[in-house]
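User: I should like to learn how to read strand pairing and aromatic contacts in a model. Could we work through one example together?

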Amino acid sequence: MAIKDILPSSGLGFTDMADTYGVARTADLGTMYKNGNINMFSLKKPQSGPGMFLANATGIDDDHSLVCPLWTDMNNTVPGPWSYRRPSGGEASPYRGGDSAGYYRLARPFVTSGKIGGITFEWSIQTAGNGAYGPIMTLTFTRPTHPNNLREHHVKQHGTHLSQWYWSVLLKGRSGASYLFVAGETELSSRVAYAKLGEGNGNRIEASLTAEMADDLNGGQAIFFLWLPNRDIGGMSNADLQGLLGTGKMIGVYAGRDPGTGDMWINPVPLAVTRRSGNVMMTGDLNVGYNSVGTTIHGYAAFPVKIGITGGDSSMVHSSNMDWNAIYTPEGINKYFSAYIQLVENQSLRSRSVTLTAYKAVYPSAALAPAIDKATITIMQAARPMEIIFKPTELVIEAITGTGDVFFDCPADGQWYVRAVTTPELGPTGGNQVPWVLKLLKLSSQEGVVNSPVEIPINSESYMTGPAYVRVVCDANSTGAERTAYIHLSHSGGYNTLKITQSNR
């Protein structure tokens, strides 16, 4: 036998036709067309229609001999199956050998449920689109690309080419509720850009589900169909779309064995939709400046939420100006919400943080909400920049004394260390020391008071804390000229520099 995947367009032999259609070579053309294994999705195939000699047989009114019954009862039945209307002989439907020229044995259905056996979907704000769109069940089917394959723009049904219909799905829950979704692309603006079957996204459905819908749909079914609305649906919201359910013309998609791959497409398709943790999602932790008096936090949720303080330094939040009973309702298909948090300026030289929890509003507190219905975010507030004021602003030491006292005035919680003592005014690198500056002594923490002096190391790994009354000890100036050095103090806000001048008197 010489079974061919594609029958030749010219010089077509009767035996090739018989072998490819799976009938005896002794069969006549009528027997072959009535009993052969003919793939109805081939662009070229035996067609039912009048005319003995046709250059391009396309069936009756361009239907390519497909029969797709209308679906009129959405409550109690499923769409009727597709069938192939074979030539029946006689003047109204003759057997034309030329119809088989270019026949493609492995042609595939051009619109199906896109699923084999069932649809399994795990619902979670955190895992579905990472919060960017929310929990969306994405459904697609693969379009055949072979040029000998029948496509939607070839076929007319019920007066309109199928390229003008919409691939749609009716999700039916266990409660009896139904949800209509249409092919296209979900947009952040809570709208859907619907696409007809003959357009780019016409084979892709993005079904945005709420938590309640996910629970209801587990154990339900998905019924796929082609829809020709009786009005323009461009720019229509998904909520408004539900009001058109059951109107216009509807036919089921192909259900049966794929002649090209052997896959079994079914319609309706059983649903297994499960929910797991992640019904609330917060964006990443925030860093704010020490003088920030407010910041906006963002999140995604499947339901209205409250926000409460659950950890850290609560004093950094201006609690008296916050309404902690406020309910934030997620907007649109992306389930996005935001809240403005009023902060108190950080008076400390150390950073601090507060942890907030967004939780499902039906719970009286975040502590009582289960883990699947809450998420946290931490706001980290920077330390207040530190500045050291020297008294005097420049220290002058007489050669005959060899010492001079200066007060480092800084906040009590300020940490600092002597980074370097240099002759250049700028650019301390740490650890440098001028030979004639013998040492630095911390006399006390109060200006003019001397008690228990301790030596201050240069470029130490340990910080000094708070203000300091400091004595600079120099050797005798025998140079005959003034000499200058600079003490560089490093701290959380940068560094400050004190100029020391030793006279030659």
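Analyst: The following turns take up confidence, strand pairing and aromatic rings in order. Please note that this is a predicted model.

User: What is the mean pLDDT of the chain, and which elements have the lowest and the highest mean pLDDT?

Analyst: The chain has a mean pLDDT of 91, and 96% of its residues reach 70 or more. Among the elements of the chain, strand S9 (residues 184-186) has the lowest mean, 84, while strand S6 (residues 160-161) has the highest, 98.

User: How should I read a strand, and which strands does S33 join?

Analyst: In a regular strand, side chains alternate between the two faces of the sheet. In this structure, strand S33 (residues 494-502) is joined to strand S25 (residues 394-397) by 4 bridges, and these two run parallel. S33 is also joined to strand S32 (residues 483-491) by 9 bridges, in this case antiparallel.

User: Which residues stand opposite each other in these pairings, and how many residues lie between S32 and S33?

Analyst: On the parallel side, Ile397 stands opposite Gln502 of S33. On the antiparallel side, Leu489 has Asn496 of S33 as its bridge partner. S32 and S33 form a hairpin, with 2 residues between them.

User: How is a pair of aromatic rings described, and how many aromatic pairs are there?

Analyst: The description rests on the distance of the centres and the angle of the planes. With ring centres within 6.5 Å taken as the cut-off, the count comes to 15 aromatic pairs. One of them is the tilted pair of Trp82 and Phe110, at 5.7 Å centre to centre with 50° between the planes. This pair links distant parts of the chain, 28 residues apart: Trp82 is in the loop between strands S1 and S2, and Phe110 is in the loop between S2 and S3. Trp82 and Phe110 are both buried.

User: What is the arrangement of Trp167 and Phe224, and are they buried or exposed?

Analyst: Trp167 and Phe224 are stacked, with 5.4 Å from centre to centre and 15° between the planes. Trp167 belongs to strand S7 (residues 166-172) and Phe224 to strand S12 (residues 221-228), so the pair ties together parts 57 residues apart in sequence. Both Trp167 and Phe224 are buried.

User: Which residues do ring pairs link into a cluster, and which ring does the charged end of Lys360 sit over?

Analyst: The cluster linked by ring pairs consists of Tyr21, Tyr33, Tyr95 and Tyr103. The charged end of Lys360 sits over the ring of Phe303, at 4.7 Å from the ring centre.

Key
Residues numbered from 1 in each chain as written. Predicted model: local features only at pLDDT ≥ 70, side-chain atom pairs only at ≥ 80, totals over all residues. Heavy atoms only, no water. Pairing = 2+ DSSP bridges. pLDDT = per-residue confidence, 0-100. Phe/Tyr/Trp six-rings, centres within 6.5 Å; stacked < 30°, edge-to-face > 60°. Buried < 20%, exposed > 50% of the residue type's maximum accessible area, 1.4 Å probe, protein only. Lys NZ or Arg CZ within 6 Å of the ring centre and 35° of its normal.
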